[in-house]
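Let's take a walk through this one together. Have the viewer ready and follow along.

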Amino acid sequence: MRRSASPQSLLIYGLSVPIIALNVWLLSVLFRYFQHPITILSIAAILAFLLNYPVKFLEKARITRTQAVIIVLIITLALLGILCVTLVPMVIEQTIQLLNKIPDWLASSQDNLGKLQVVARQRRINIDFSLVTNQINANIQNLVQQIASSAVGFAGTLLSGLLNLVLVVVLAFYMLLYGDHVWYGLINLLPSNIGIPFNKSLQLNFQNFFLSQLLLGLFMELVLTPIFLFLRVPFALLFAIVIGLSELIPFVGATLGISLVTILVLLQNWWLAFPVATVAIVLQQIKDNLLAPKLLGNFIGLNPIWIFVSILMGFEIAGLLGTLVAVPIAGTIKGTFDAIKSSKHNEYVSNFTVTYESKSGENDK
């Protein structure tokens, strides 16, 4: 026979909902107030998480941590420099061309809708596209104004982006060198039954999640680029990069990226949009069903509904940055609570890897 909930438990559950809502609102306000420094620190921390893999690999070759960090950063900066010289100018050029072409594509789509309405009237089909054409006209005017205003502030935006990049690299360098001391100092403030599983869960979820998402996004970019070039898709490189970058947003990112690219191609060529969407969806299925399970593992104990809720809450609190970190944060919280409940600190289940085995005798330098 099922026992009814006590008044005390009902009171706790009833008060927890407004408290959680108040905390979410407070986090949103704090992020908007300190948006720039929080964004810089978050990106630098994610970069340090990712670069910690090659740093540890070099440490196994009896290289000091300082030397390993310097070597990894030099290689990273060299790769970024190569991308800035080769890939970035092409992407910027194609982006500018795309922005200039979109008004013409919208006008062409408007003409196609007008022709479609004439055919429908000839066949006595009562369809009115006037609302759609009026909306397209309004979008054309707004888009032209946005392009003009964006072109004026492009130089300032580029300079600000370069300064932010320098800040991110410098912060990542110091985080790789001295981040452990600061981090473990904060962890030691927590009780051991909370701090130890929280530390392990955070490292596993963030490192494995972002590394896997980057590899999956790179796969989509490398495979889609030659296919789009073969299909003679306009702005093939830019569209492939858009779909690849959208992979950083879990679950819904790829769908949003493919939909955006399909709509843009649809404005220019209706018949070309079908093979573009088909190829992208097929590759997405291959990625989700073959590659992602091997890289991400199983989302053990994390219900897909809560994953979408965490993404929505992350977007509400911190925008795009919130959507990127929402799932690993949710996985960290779930993994921490699971470890606390099971009271197993040396081996526990993570949401992005099947198991975690602590390595004895391994100390951070």
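What follows goes from model confidence to helices, burial and a few backbone oddities.

First, a word on trust: this is a predicted model. The protein chain has a mean pLDDT of 76, with 72% of its residues at 70 or more. Among the elements, helix H7 (residues 236-246) comes out on top with a mean pLDDT of 90, while strand S2 (residues 356-357) sits at the bottom with 36. The pLDDT is below 50 over residues 344-365, though in the model that stretch still has 63 contacts beyond near neighbours in sequence.

Now for the record. An unreviewed UniProt entry annotates "transmembrane region" over several spans, including residues 12-31, 67-92, 237-263 and 306-331. Two of them are worth a look in the viewer. Residues 67-92 are 100% helix, and the C-alpha atoms at the ends of that span lie 35 Å apart. Residues 306-331 are also 100% helix with 0% strand, yet here the end C-alpha atoms are given as 10 Å apart, so do check that span by eye. Pro328 is placed in helix H10 (residues 304-342). Is Pro328 buried or exposed? Its relative accessibility is 0%, so Pro328 counts as buried. The C-alpha atom of Pro328 is 9.7 Å from that of Gln203, although the two are 125 residues apart along the chain.

Back to H7: why can this helix be called largely enclosed by the rest of the structure? Because 9 of its 11 residues are buried. Among them are Leu237, Leu238, Phe239, Ile241 and Ile243, along with Gly244 and Ser246.

For the opposite situation, turn to helix H1 (residues 7-33), where Leu22 lies. Leu22 counts as exposed because its relative accessibility is 51%, with the cut-off at over 50%. Leu22 also helps make a nonpolar surface patch of about 850 Å², together with Trp25, Leu26, Leu27, Val29, Leu30, Tyr33 and Phe34. As for the spacing in that list, residues three or four places apart in an α-helix point the same way, because there are 3.6 residues a turn.

Finally, a couple of backbone oddities. Arg62 has a positive phi of about 65° without being a glycine, and it sits in the loop between helix H2 (35-60) and helix H3 (65-122). With a relative accessible area of 82%, Arg62 is exposed. Arg232 has a positive phi too, about 60°, and is not a glycine either. Arg232 lies in the loop between helix H6 (192-230) and H7, and its 75% relative accessibility means that Arg232 counts as exposed.

Conventions
Residues numbered from 1 in each chain as written. Predicted model: local features only at pLDDT ≥ 70, side-chain atom pairs only at ≥ 80, totals over all residues. Heavy atoms only, no water. Patch = residues over 30% accessible without salt bridge, like charges linked within 9 Å, V, L, I, M, F, W, Y side chains within 5 Å. Areas by Shrake-Rupley, 256 points an atom, 1.4 Å probe, with all protein chains shown as cover. Salt bridge = Lys/Arg side-chain N within 4 Å of Asp/Glu carboxyl O. Helix = DSSP H or I, 4+ residues; strand = E, 2+ residues; numbered from the N terminus. Buried < 20%, exposed > 50% of the residue type's maximum accessible area, 1.4 Å probe, protein only. UniProt positions renumbered as here; feature names shortened; annotations may be inferred. pLDDT = per-residue confidence, 0-100. Contact = heavy atoms within 4.5 Å.
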